[in-house]
Amino acid sequence: MRRSELSPEARAELQALDAILAREPVGEEQLELAALVDSVRGDAPTLSEAAAARLESRVFAGRGLAGSARRRPGRPQLALAGGSLLALVVAAVVVLSSGVLSTKSPGVSTRSPALAPQSAQTSRPTTPTASAGAVLPAVPGAARSGATAATPLAVEPTGRLVSQAASLTLATPARSLQGVADAIAASTERSGGIVESSNVTLRGDASHASFTLSVPSAVLSRLIASLSRLGVLRSLTRTTTDITERYDQAQAGLAAEQTTRAGLVRGLAAASAGTAPSIRERITTLDGEIGLASGEVVALASSARTATISVSVGVR
Amino acid sequence: MTATTSPPSGMGDAPPGSARRAVGATAQFEALYRSCASDLYAYVASMLRDAAAAEDVTALAFERAYRRRALFDLRRGSARGWLFAIARNAALDELRRRARSRALLDEPADESTPAEVDDELGERRLLVRAGLAQLDAREREVILLKFVGRLSNGELARVLGCSESSAGTRLHRAIKRLREVCHAPQ
């Protein structure tokens with residue numbers, strides 16, 4: 001499709017996107033796009049100080065480059081002209097919340113009513129299981145990042161593969177905040193999960209802490225219950241997404257591409273000098289597709305195996 | 001779809017024997033590192049969902065770029081786009097390696113996600129993360145390259161191995177689809 005087929009609105013949006021990414025002013029009508037960009041960027045993994053130092057050392061090792069003068073690459077935050085961060089957040093909530101986000105209010109609000117109650121029995125250890133015509137793989141595997149050695153995929157009793165996430169807000173007296181933060185980390189580790197990131201600020205009544213936890217899906221409910229007892233539960237949001245079809249499709253697509261590639265490789269062996277280059281080109285193209293398809297399967301399996309919990313602790 | 005990492009030519013670089021130009025090229029490489037490292041890592045880590053592997057692939061991409069810097073040709077696009085194309089291919093190699101070893105399904109997600117700064121922002125990120133996960137691999141990739149890698153549409157085209165207009169179209173469709181899945185009732 002040629003660019004001319006893009007509507008003027010689409011072209012304007014792409015221009016606005018470039019402006020947002022360049023941290024240039026954008027109009028109010030583009031705040032939703034800015035919020036989308038901010039969310040994707042804000043959720044992207046970041047280099048820790050230690051990882052940045054390791055990377056720099058590896059990249060520049062033996063190259064005779066000035067090491068100490070180098071500063072850690074910064075990660076510029078999006079500064080949105082035409083609207084404050086608060087406006088951005090408000091706009092984002094308005095735009096993105098319809099039908100999906102629950103608004104914050106005192107008390108516990110649990111979403112995803114269609115979900116079966118989450119408990120250990122909703123996630124069963126996965127042995128090869130027939131699911132919508134596909135076979136879910138067994139998940140042996142010691143986890144590299146500290147999860148349990150055999151972390152099962154989250155498979156509902158119906159055989160559906162699900163991805164789970166939760167967001168928790170707790171309140172505690174200022175003097176207890178550090179203890180609560182420690183307890184969150186300890187509970188997570190006891191559950192076989194890991195603290196992906198944490199931020200604890202102790203400043204009297206302005207103290208707060210936030211965590212992103214990655215835990216085996218099977219223990220999600222138990223851990224939520226445990227964390228909820230560490231303070232006053234202000235809000236709880238749970239989301240569950242059925243990814244069975246996507247997983248099956250991704251696996252089938254990957255298998256088909258691998259079969260095609262194998263055929264091309266066989267064809268290459270018998271190809272003439274004239275046809276070999278085009279076959280090689282097709283194989284190269286297909287390799288890219290296989291890489292993407294593999295990534296899709298990995299991502300889906302990972303999202304079913306582990307659940308993410310965002311915990312925010314404030315002072316009451 | 002394939003990225004054109006094959007050497008363009010010459011990263012502002014120096015004919016052999018020109019020490020002065022070599023110093024300039026070295027400084028350019030450092031500048032490239034400083035301006036791209038964080039975004040490149042974020043992009044690769046988003047693709048691989050594995051912090052350790054992302055670190056390896058990011059380092060590998062810079063090492064390859066350094067080795068091939070004499071082949072970089074500014075006329076064929078920016079150094080940033082060239083570097084991202086190298087990184088993309090390295091990331092795809094890593095994914096293929098996992099597929100071959102069949103170990104891919106044994107590795108849990110290991111994303112270093114920044115702490116949520118407040119509840120609404122946290123929920124919004126959660127929502128967008130879930131939405132991104134619902135996109136197909138091509139859609140997700142173009143979003144990550146643009147949003148996280150901050151590539152221009154020309155750079156995007158180079159990385160994806162398509163024309164700039166096609167890259168723009170793919171990007172626009174992916175954004176539209178991301179909006180749709182974020183708004184879809186769960």
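Which residue, with a positive phi, follows α5(B)? In this predicted model, the residue after α5(B) is B:R150, with a phi near 55°. The helix itself, spanning residues 137-148 of chain B, has 12 residues and reaches 15 Å from its first C-alpha to its last, close to the expected 16 Å. At its N-terminal end, B:D136 acts as the cap, placing a side-chain oxygen 3.0 Å from the backbone nitrogen of B:R138. Because 11 of its 12 residues are buried, α5(B) is largely enclosed by the rest of the structure; B:V142, B:I143 and B:L144 are among those buried residues.

Two residues of this helix take part in salt bridges. B:R138 is partly exposed at 41% relative accessibility and pairs with A:E289, the closest N and O atoms being 2.7 Å apart. Since A:E289 lies in helix α8 of chain A and B:R138 in helix α5 of chain B, the pair joins two chains. B:E139, in contrast, is buried, with a relative accessible area of 17%. Its partner is B:R177, at a closest N to O separation of 3.5 Å. This pair links distant parts of the chain, B:R177 being in helix α7 of chain B, 38 residues apart from B:E139.

Further pairings appear elsewhere, and 15 salt bridges are found over all chains. One of them joins A:D287 to A:R261, with the closest N and O atoms 2.3 Å apart; A:D287 belongs to helix α8 of chain A and A:R261 to helix α7 of that chain. A:D287 is buried at 14%, whereas A:R261 is partly exposed at 28%. Returning to B:R150, this residue belongs to a network of salt bridges with A:R41, B:D39 and B:R80.

How values were computed: Residues numbered from 1 in each chain as written. Chains lettered and ligands numbered in written order. Predicted model: local features only at pLDDT ≥ 70, side-chain atom pairs only at ≥ 80, totals over all residues. Heavy atoms only, no water. Helix = DSSP H or I, 4+ residues; strand = E, 2+ residues; numbered from the N terminus. Expected span 1.5 Å × (residues − 1). Buried < 20%, exposed > 50% of the residue type's maximum accessible area, 1.4 Å probe, protein only. Polar contact = N/O pair within 3.5 Å; in protein donor to acceptor, adjacent residues only side chain to side chain. Salt bridge = Lys/Arg side-chain N within 4 Å of Asp/Glu carboxyl O.
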